[in-house]
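Please look through the sequence and the model shown here before reading on. The paragraphs after it go from a sheet to a core and then to a helix.

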Amino acid sequence: MPAPDQASELLGVPGATHRLDRAHRRGGRGAPPSRARKVGLAARAAGAKTRFHKAMSESFYVLSGELELVNGEKWVTGRAGDFLYVPVGGLHAFKNVTDEPMSMLMLFSPGAPREEFFERVAEMSQRGSEELKEFRVRHDSYFEEDFGAGFGAGFGARDGAVDRR
């Protein structure tokens with residue numbers, strides 16, 4: 001097994017720390033059935049705003065601390081050991097509302113290439129809103145703030161889609 005600094009790469013996003021498996025970054029034959037990222041959120045970190053994905057599901061396995069996840073209607077709390085699943089088209093957002101940091105594994109299925117999204121999202125957020133919107137859509141991330149109230153219905157999004165397992 002490679003040394004930790006060879007097996008993963010640390011990516012910085014304000015309030016969050018992402019670890020990316022380099023084997024996934026290099027690509028290969030076809031997309032894997034899923035891709036995982038280890039993500040840490042600082043205490044009181046805003047996380048990600050309301051959005052959905054047209055072509056992939058997103059799951060969250062809480063390793064430590066607590067994660068607040070909205071399912072389009074209400075917030076649910078995930079604690080260490082909880083697995084929260086958002087199917088394709090499920091409206092969702094997440095944040096850390098506690099005074100303690102938290103960590104989780106984020107799983108995307110199918111394993112769409114998400115590396116560029118996580119590597120460049122902080123940079124793209126500093127650019128104009130139209131450029132950021134195009135970047136997000138290119139990466140199958142449809143954010144409420146880009147399309148306005150009621151945006152999900154016209155794009156195939158569903159409310160109440162989080163399944164706590």
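**Sheet, core and helix**

An open sheet is built from five strands in the order β7-β6-β9-β4-β11, with antiparallel pairing, where two strands count as paired if DSSP finds at least two bridges between them. Its edge strands, β7 (75-79) and β11, each pair on one side only. The antiparallel strands β6 and β7 are joined by five bridges, and E66 has R79 in β7 as its bridge partner. Strands (E, at least two residues) and helices (H or I, at least four) are DSSP runs, numbered from the N terminus.

This is a predicted model, in which local features need pLDDT of at least 70 and side-chain atom pairs count only at pLDDT 80 or more, while totals for chains, interfaces and linings use all residues. Residues are numbered from 1 along each chain as its sequence is written, and side-chain values use heavy atoms, with hydrogens and water left out.

The largest nonpolar core (buried Ala, Val, Leu, Ile, Met, Phe, Trp, Tyr and Cys residues joined through side-chain atoms within 4.5 Å) has 24 residues, of which L41, F60, L67, L69, F94, M104 and M106 touch the most other members. Among the elements that each supply at least two residues of this core are β3 (35-41), β5 (57-64), α3 (115-125) and α4 (129-138). Beyond its neighbours within four places in sequence, F94 is in contact (heavy atoms within 4.5 Å) with residues including R51, E68 and W75.

In α4, the buried residues (under 20% relative accessible area, 1.4 Å probe, protein chains only) are L132, F135 and R136. They lie on the same side of α4 because they cover an arc of only 95° around the axis, taken from the directions from the helix axis to the C-beta atoms. Their cover includes α3, β11 (142-143) and α5 (144-147).

How values were computed:
Buried means under 20% relative accessible area, exposed over 50%, partly exposed in between (1.4 Å probe, protein chains only).
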